[in-house]
Amino acid sequence: MSAEVLWGQQTQMAMKHFAIGGETFPRDFIRALGVVKRCAALANIDCLQLEKNIGLAIAEASLSVINGEHDQQFPLTIWQSGSGTQTHMNANEVIANLATKRLNSTIQVHPNDHCNMGQSTNDSFSTAMHIATVDQIQLQLLPALTQMQQVMATQSKQWQSIIKIGRTHLQDATPITLGQQFLTYADQIQANVMRLKTAVEALYAIPQGGTAVGTGLNCSTGFAERFVEHLRKFTDLPFTVTDNKLLLQAAHDGIVDVSGVLNTLAVSLNKIAADIRFLGSGPRCGIGELKLPHNEPGSSIMPGKINPTQCESLMMVCAQLMGNHLTVTLSGAQGQLELNTYKPVIIHNLLQSIRLLTDSVSSFTDYCLRDLEPDQERIALLLTNSLMLVTALSPVIGYDKAALIAQRAYANQTNLRDEALASGYISAKKFDELVRPENMLSPRAEG
């Protein structure tokens, strides 16, 4: 091993026995493991189980891991023991060596006896899963979603007076406003935010102190409570000690639930991005109701082409996330007896989903949503030419006669007004009174 290497024998053996793929744990999870080790050291000092100088050296070494100063010391891939033992011991070895250096090598800090005092991979790795997930959702994803929702809500107010044709089955329907359309998108995102906040609540409960099978063997009395006090103080998040530690080690239903909510969010985002891509199609031979921002050349051969690149990027992220959720679902179902042994792949996929969503939502908001512009001339033209305005005539002349007028206008390439008057079913005055898009945006008034 190189002189710069801080890991020990167990990590080195794992590099040999699990040389599988290249998917390593993300920085967010390594940070969470550092948080676990720091809080555990301080809790063990409080419980008079760990000498203060050793405990503080471990806490300081853990802080350097938390701050990302030693990310290169975590080389293992996620394809290892299903409990995550190899990466957990990687953290213990690195932190033990760092702590030993801080003590000027006068005391040899042991990765198991000191760094892992009162802990097991089964409770520590599970706790780190919760910490990393909550941290990234609360501090990264939710702010990005809130920003997106606020931009859409502002646009809905600005565009409330722009009446456009609605579409169902990708065919003309009755009118709505562009503001109503974007308010729907804003409310869709807000509903996902509320679902996500509710799902995350379950992850504040952590199993630290459960050790191997949730009984707390080799963990001192009061350790779990002191651990969570230090965790709350460090993260400023309301973590709690769970009443049933085995539950959160043997199963990860709460994490599967969060992944499911993220999957629903991906469904919503995909729908919104697809809509904007359709509405921005053109600029002359498509729908063309929205003007997409021109961020970069859209084609290597067609000059001046503008493509819905942010929509496409977001939709690919949504596809990846749906696949990630399937993996999390299958992995969550594999908890047998006292331990789920799919932890590494669960947290890898979940954190990737959160990171991809955070980045893509921010990118879509900054480089697509903010600079969208309605083409009001095009919107008005399509509205005027739509045959579905005939719906306003149905209550007066009946469905069948109204349908006949629309069919004749389509066949003859004329407009509704001319065909309606030629049919003799309605007068010009009554037609002009009824077929007014601004009066077709809400329920019909009585009388």
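By class, 6 nonpolar, 4 polar and 1 charged residues make up the lining of the largest cavity, and the tour of this predicted model begins there. To display that lining, select Leu292, Pro293, Asn295, Glu296, Asn307, Pro308, Thr309, Gln310, Cys311, Tyr367 and Cys368. The space they line comes to about 60 Å³. Next, colour helix α10, residues 309–332, which gives the most to this lining, with 3 residues. In the whole model, the count is 3 cavities of 30 Å³ or more.

**Cysteines, beginning at the cavity wall**

Keep Cys311 and Cys368 selected, as both belong to the lining just displayed. How many disulfides does a search of the whole structure find? The search returns 0. Cys368 is accordingly in no disulfide, and its nearest cysteine sulfur, that of Cys311, is 4.4 Å away. Since a disulfide requires sulfur atoms within 2.5 Å, this pair does not qualify. Cys368 has a relative accessibility of 3% and therefore counts as buried.

Move next to Cys219, which is likewise in no disulfide. Here the nearest cysteine sulfur is that of Cys47, at 7.5 Å. Is Cys219 buried or exposed? With 17% relative accessibility, Cys219 counts as buried, because the limit for that class is under 20%.

**The second largest cavity**

Select Thr24, Phe25, Ile30, Phe74, Leu76, Thr87 and Asn90, the residues that line the second largest cavity. About 40 Å³ of space lies within. This lining divides into 4 nonpolar and 3 polar residues, with no charged residue.

Phe25 offers a route onward from this lining: add Phe29 and Phe125, and the three form a cluster linked by ring pairs.

**Helix α4**

Thr87 and Asn90, both in the lining of the second largest cavity, lead to helix α4, residues 85–102. Measure between its end C-alpha atoms: they are 25 Å apart, against the 26 Å that 18 residues should span at 1.5 Å a residue, so the two values agree. Switch to a surface view and α4 proves mostly covered, with 14 of its 18 residues buried. Just after the helix, select Asn104, which takes a positive phi of about 60°.

**Helix α6**

Proceed to helix α6, residues 178–201. Its 24 residues should span 34 Å at 1.5 Å a residue, and its end C-alpha atoms lie 35 Å apart, which agrees. To see the covered positions of α6, select its buried residues, among them Leu178, Phe182, Tyr185, Ile189, Val193, Leu196 and Val200. Gly179, Gln181 and Asn192 are also buried.

**Aromatic pairs and helix α7**

The final stop concerns ring pairs, of which the model has 7. The rings of Phe223 and Phe227 have centres 6.1 Å apart and planes at 40°, so the pair is tilted. Where do Phe223 and Phe227 lie? Both are in helix α7, residues 223–235, and stand 4 residues apart, about one turn of the helix. An α-helix has 3.6 residues a turn, so residues three or four places apart point the same way. Finally, turn on the surface around the two rings: Phe223 counts as buried at 0% relative accessibility, and Phe227, with a relative accessible area of 0%, is buried as well.

Notes: Residues numbered from 1 in each chain as written. Predicted model: local features only at pLDDT ≥ 70, side-chain atom pairs only at ≥ 80, totals over all residues. Heavy atoms only, no water. Phe/Tyr/Trp six-rings, centres within 6.5 Å; stacked < 30°, edge-to-face > 60°. Helix = DSSP H or I, 4+ residues; strand = E, 2+ residues; numbered from the N terminus. Buried < 20%, exposed > 50% of the residue type's maximum accessible area, 1.4 Å probe, protein only. 1 Å grid on protein atoms, 1.4 Å probe; cavity = no way out; pocket = protein on both sides within 12 Å on 5 of 7 lines; lining within 4 Å. Points joined across faces, edges and corners; volume = space filled by probe spheres on them. Nonpolar A, V, L, I, M, F, W, Y, C, P; charged D, E, K, R; others polar. Expected span 1.5 Å × (residues − 1).
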